Amino acid sequence: MESNIRERVRSGDPSVFAELFDRYAKAVYNHAFRLTANWAVTEDVMSATFLQAWRSRARVSDEGGSLRPWLLGIATNEARNHVRSNRRYRAAAAALPVEPPTPDHAEQVAGQLDDARRIRAAVAALALLRPHEREVITLCLWEGLDYESAARALGVPVGTVRSRLSRGRARLGKLVDAQLHGNPSAPAGQTTGENGSRPAQEGNR
């Protein structure tokens with residue numbers, strides 16, 4: 001079935017792009033938000049992703065499984081074009097609401113507040129990661145792609161995905177813990193200047 005979809009994508013069948021949107025729009029939208037932390041930018045990224053998918057349809061290969069990794073890879077590139085600095089990303093993440101609307105039941109309230117706090121801490125922590133680490137974490141941990149699929153989506157070797165994921169997970173855990181315990185400053189090894197400048201870019205690995 002997937003091979004048939006790939007053939008239809010390459011041929012420019014408009015109906016198959018409607019199918020791809022119905023099937024993967026939510027995944028693309030969620031992935032874009034995790035990379036940008038901005039609802040308005042997320043909408044732009046999602047629209048640009050499916051437009052770019054149409055433009056690059058001829059490059060879809062005959063072999064392979066789901067086209068989800070392909071679309072997420074395009075979304076990652078589009079998000080890079082929209083997010084110009086970690087400072088802007090952190091400002092957007094900090095503006096997220098801390099608490100959801102309060103329902104009547106105390107136990108449910110406590111659970112929702114705790115969940116909202118953890119989600120906000122995770123989004124804020126993602127903002128402090130290096131862009132390459134943030135991309136591989138969103139693909140592998142949130143979207144559930146395996147190493148090979150993430151490598152194809154990002155256009156990097158599998159070993160690079162593994163190393164970035166290992167470093168990113170360790171740093172993310174420390175950052176989330178710091179956010180939850182009221183100490184949002186970056187842990188050792190993560191440098192951010194007072195002017196909000198980005199950490200030094202890492203190499204390909």
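This is a short walk through a predicted model, one selection at a time.

**The whole chain**

Start with everything shown as cartoon. The chain has 9 helices and 0 strands, so expect a run of α-α-α-α-α-α-α-α-α from the N terminus on. Colour by accessibility next: of the 205 residues, 45% count as buried. If you like contact maps, take the contacts between residues at least 6 apart in sequence; 68% of them join residues at least 24 apart.

**Select 14–36: helix H2**

Look along H2 from end to end. A straight helix of 23 residues would span 33 Å at 1.5 Å a residue, but H2 spans only 29 Å between its end C-alpha atoms. Where should you look for the kink in H2? Put the centre of view on Tyr24: the kink there is about 60°. Then step off the end of the helix to Ala37, which follows H2 and has a positive phi, near 55°.

**Select 130: the way into H7**

Arg130 sits in the loop between helix H6 (106–128) and H7. Buried or exposed? Arg130 has 17% relative accessibility, and because that is under the 20% cut-off, Arg130 counts as buried. Keep Arg130 on screen and add Arg164: the two are 34 residues apart along the chain, yet their C-alpha atoms are separated by 9.6 Å.

**Select 131–142: helix H7**

Try the length check again here. At 1.5 Å a residue, the 12 residues of H7 should span 16 Å, and the end C-alpha atoms of H7 are 15 Å apart, which agrees. H7 is mostly covered, with 10 of its 12 residues buried. The buried set includes charged side chains you may want to show as sticks, among them Glu133, Arg134 and Glu135; Val136, Ile137 and Leu139 are also buried.

**Select 143 and 144: just past H7**

Glu143 lies in the loop between H7 and H8. At 9% relative accessibility, Glu143 counts as buried. Which residues surround it, leaving aside neighbours within four places in sequence? Glu143 is in contact with Ala27, Asn30, His31, Arg34, Arg68, Leu72 and Thr138. While you are here, click Gly144, which follows H7 and has a positive phi, near 75°.

**Add 158–180: H7 against H9**

Two packed helices are described by the angle between their axes and the distance between the axes. For H7 and H9, the angle is about 95° and the axes are 8 Å apart. H7 and H9 are therefore roughly perpendicular to each other. On the H7 side, show His132, Glu133, Val136, Ile137, Cys140 and Leu141. On the H9 side, show Val161, Arg164, Leu165, Arg167, Gly168, Arg169, Arg171 and Leu172. Coloured by class, this contact has 7 nonpolar, 2 polar and 5 charged residues.

**Swap H7 for 147–154: H8 against H9**

Now hide H7 and bring in H8. H8 and H9 pack at an angle of about 105°, with their axes 8 Å apart. That makes H8 roughly perpendicular to H9. Tyr147, Glu148, Ala150 and Ala151 of H8 meet Val158, Val161, Arg162 and Leu165 of H9. By class, there are 6 nonpolar, no polar and 2 charged residues in this contact.

**Last stop**

Show H7, H8 and H9 together and pick Val161 and Leu165. These two H9 residues take part in the contact with H7 and in the contact with H8.

How values were computed:
Residues are numbered from 1 along each chain as its sequence is written. This is a predicted model: local features need pLDDT of at least 70, side-chain atom pairs count only at pLDDT 80 or more; totals for chains, interfaces and linings use all residues. Side-chain values use heavy atoms; hydrogens and water are left out. Axes are lines fitted to C-alpha atoms, for helices over the stretch in contact, and angles run from 0 to 180 degrees between N-to-C directions. Helices (H or I, at least four residues) and strands (E, at least two) are DSSP runs, numbered from the N terminus. Angles under 35 degrees count as roughly parallel, over 145 as roughly antiparallel, 65 to 115 as roughly perpendicular and the rest as oblique. Contact means heavy atoms within 4.5 Å. The expected span of a helix is 1.5 Å times one less than its number of residues. The bend at a residue is the angle between axes fitted to the seven residues ending there and the seven starting there. Buried means under 20% relative accessible area, exposed over 50%, partly exposed in between (1.4 Å probe, protein chains only).
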